[in-house]
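Me: I would like to learn how to read a model like this one, feature by feature. Could you walk me through it?

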Amino acid sequence: MSNLKKESSIVSNKSGGGQKGIALYLALVVMTTLLGIALGVNSIFLGQTKIVRITGYSVLAFYAADAGIEEILIQRNDPPLGAGQVVTLSNGATYQVFVNQTGVGGCSANYYCITSVGTYKETKRAVAITY
């Protein structure tokens, strides 16, 4: 009976002794995989944040251009021709209005072609009208 006990203890020592490093290896693989997933998700969120910020800049630039059109339409009977001055709004956005008469610069409107370019933090948007 003592022979049997010795054999079983030898067998258990051999099977347990060969797998001591596998737990560390599996832990490293799992941690590396989780780190890769976390970095990938972080990269996606940072890209989306930048897109949302630029979209906000685009809206402010568009509204600045619209403000330029509204301002020039107040003087629609006799608008100043050519490139107007750059006007800065209270939020830091700017606009510049360009007015051409019919036949000048490719303008085929009845009276005037008006283009207003709004800018906010290097994002530009333009609004063009003819009448």
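Reply: Gladly; we will go from the overall layout to single residues, then to a surface patch and a core. Keep in mind that this is a predicted model.

Me: Let us begin with the layout. How many helices and strands does the chain have, and in what order do the elements run?

Reply: A good habit is to count the elements and then follow them along the chain. Here there are 2 helices and 5 strands, and from the N terminus they run α-α-β-β-β-β-β.

Me: And what share of the residues is buried?

Reply: Of the 131 residues in the chain, 18% are buried. The accessible surface comes to about 9,700 Å², and carbon and sulfur atoms account for 61% of that. For contacts, take the pairs at least 6 apart in sequence: 43% of them join residues at least 24 apart.

Me: Now a single residue. Is Ser58 buried or exposed?

Reply: The idea is to compare relative accessibility with a cut-off. Ser58 counts as buried because its value is 16%, and buried means under 20%. Ser58 sits in helix H2, which spans residues 22-74.

Me: Which residues does Ser58 touch, leaving out those up to four places away in sequence?

Reply: Those are Thr123 and Arg125. Thr123 belongs to strand S5, residues 123-130, and is itself buried, with a relative accessible area of 10%. Beyond four places in sequence, Thr123 is in contact with Tyr57, Ser58, Ala61 and Gly118.

Me: What about the outside? Which residues make the nonpolar surface patch?

Reply: Val30, Met31, Leu34, Ile37, Val41 and Phe45 form a patch of about 600 Å². Take Met31, a residue of helix H2: its relative accessibility is 56%, so Met31 counts as exposed.

Me: And where should I look for nonpolar residues on the inside?

Reply: Here is the general idea: in soluble globular proteins, nonpolar side chains tend to be buried together. In this model, the largest nonpolar core has 13 residues, and Ile72, Val97, Val99 and Ile114 touch the most other members. At least two residues of this core come from each of H2, strand S3 (94-101) and strand S4 (112-120). H2 gives the most, with 5 residues.

Me: Which contacts does Ile72 make beyond its neighbours within four places in sequence?

Reply: Ile72 is in contact with Pro79, Pro80, Val97, Val99 and Ile114. Val97, Val99 and Ile114 are familiar from the core, where they are listed with Ile72 among the residues touching the most other members.

Technical notes:
Residues are numbered from 1 along each chain as its sequence is written. This is a predicted model: local features need pLDDT of at least 70, side-chain atom pairs count only at pLDDT 80 or more; totals for chains, interfaces and linings use all residues. Side-chain values use heavy atoms; hydrogens and water are left out. Helices (H or I, at least four residues) and strands (E, at least two) are DSSP runs, numbered from the N terminus. Buried means under 20% relative accessible area, exposed over 50%, partly exposed in between (1.4 Å probe, protein chains only). Contact means heavy atoms within 4.5 Å. Accessible areas come from the Shrake-Rupley method with a 1.4 Å probe; for residues, only the protein chains shown count as cover. Patches are made of residues with over 30% relative accessible area and no salt bridge: like charges are joined within 9 Å, nonpolar side chains (Val, Leu, Ile, Met, Phe, Trp, Tyr) within 5 Å. A salt bridge is a side-chain nitrogen of Lys or Arg within 4 Å of a carboxyl oxygen of Asp or Glu. A nonpolar core is a set of buried Ala, Val, Leu, Ile, Met, Phe, Trp, Tyr and Cys residues joined through side-chain atoms within 4.5 Å.
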